[in-house]
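Me: I am new to this structure. Could you show it to me and take some questions?

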Amino acid sequence: MLFLTESDVRQLLPMDEAVRLTRRAFEHLAAGEALNHPRRRLIVPGGSVLHYMVGSDGKYFGAKVYATHPRHGAHFSFLLYRSEDAAMLAVMEANYLGQIRTGAATGFATDVMARQDADTLGLVGAGFQARGQLEAVAAVRRLRSVKVWSRSAEKRQAFARDYPNLAVEPVETAEAAVRGAGIVVTVTFAKDPVLDASWIAPGTHVNAVGSNQAKRRELPTDLMTRADLIAIDSREQARMESGDLILSLGETAWSDPRVVELAEIAAGRASARPGPDAITVFKSNGLAVEDVACAGFVYERAIEAGLGRTIDSDHS
């Protein structure tokens, strides 16, 4: 069994490959060749929370397990198993795995849902996950302009400095980042909407990434009711976690013909873009099957490259 560090994962999983793997995972979900179980949470007295989610895709299955505490941060691990015989293959540190696969889901959704000529990105949020979002969108569209806003001027300026080749411009307001952008990403810890529907022009594609809790959202009700198409990564998981839909559309969301799973788009059973002026939304919660697809790739490349530390699984 291999133990792989954050550095190993980051070295072995380029973003363009992660987007390809994510696309394939959704195709497998649509064909019934992959399985996903939604995230569950165990809340411990004192504020710690254990989050766990499982999935399978072809040769591999596995579980992502992570613990969070509001004052002490988060700790991520992924456990990879072989489907054929249930052998445990690897334990991976999974913070970067999560960043890359979350970005890759946005990359896939943007590739199929955004206009082909969309070349401007408005990014609300400049934290750790925002980096994967920018890199994923840049992997599927040639970006002419990127504007980023976060509440911290220092953070957005530092973010922009890290991407000199993408002409990232830090701006003073969320409106300045979003208005006029062909692609928008919100990736924040906000509880309430971080943008106004009036800032979103016809033809825009919006990715809402930051929240995976039923009582939190980044997008306002009037944008969700105005959208022509809303893609979710899993209807089962969205019913538990997508505050953006739950707080805006309520129970009508799950019978609304505008709301489709990304797997349906991957399989060609749902339109990815109703028309050039359509407003499209991808509400991302993050699926374990995405982790499995990416972790299996990382494991195979680690074996080829001789990376990772071997652990005796019987005596460790």
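Reply: The model is predicted, and the turns below cover one strand and some salt bridges.

Me: Is strand β7 enclosed or open to the outside?
Reply: Thr120, Gly122 and Val124 point one way from β7, and Leu121 and Leu123 point the other way. Both groups are buried. Five of the five residues are buried, so β7 is largely enclosed.

Me: Which strand does β7 join through five bridges?
Reply: The two strands run parallel. Glycine 122 stands opposite lysine 147 there. The chain crosses over through helix α4, and the crossover is right-handed. The partner is β8, residues 145-149.

Me: Which residue of β10 stands opposite leucine 121?
Reply: β7 and β10 pair in the parallel sense over four bridges. Opposite leucine 121 in β10 stands isoleucine 183.

Me: How many residues apart in sequence are the parts that aspartate 111 and arginine 23 tie together?
Reply: Their side chains meet in a salt bridge at 2.6 Å, N to O. Aspartate 111 lies in helix α3 and arginine 23 in helix α2, so the pair ties together parts that are apart in sequence by 88 residues.

Me: Is aspartate 244 buried or exposed?
Reply: Aspartate 244 forms a salt bridge with lysine 283, with the closest N and O atoms 3.5 Å apart. Buried means under 20% relative accessible area. Aspartate 244 has 0%, so it counts as buried.

Me: How far apart are the closest N and O atoms of glutamate 300 and lysine 59?
Reply: Glutamate 300 lies in helix α11, and lysine 59 in the loop between β3 and β4. They form a salt bridge, and the distance is 2.8 Å.

Methods: Residues numbered from 1 in each chain as written. Predicted model: local features only at pLDDT ≥ 70, side-chain atom pairs only at ≥ 80, totals over all residues. Heavy atoms only, no water. Buried < 20%, exposed > 50% of the residue type's maximum accessible area, 1.4 Å probe, protein only. Pairing = 2+ DSSP bridges. Right-handed = clockwise from strand over helix to strand, strands pointing away. Salt bridge = Lys/Arg side-chain N within 4 Å of Asp/Glu carboxyl O.
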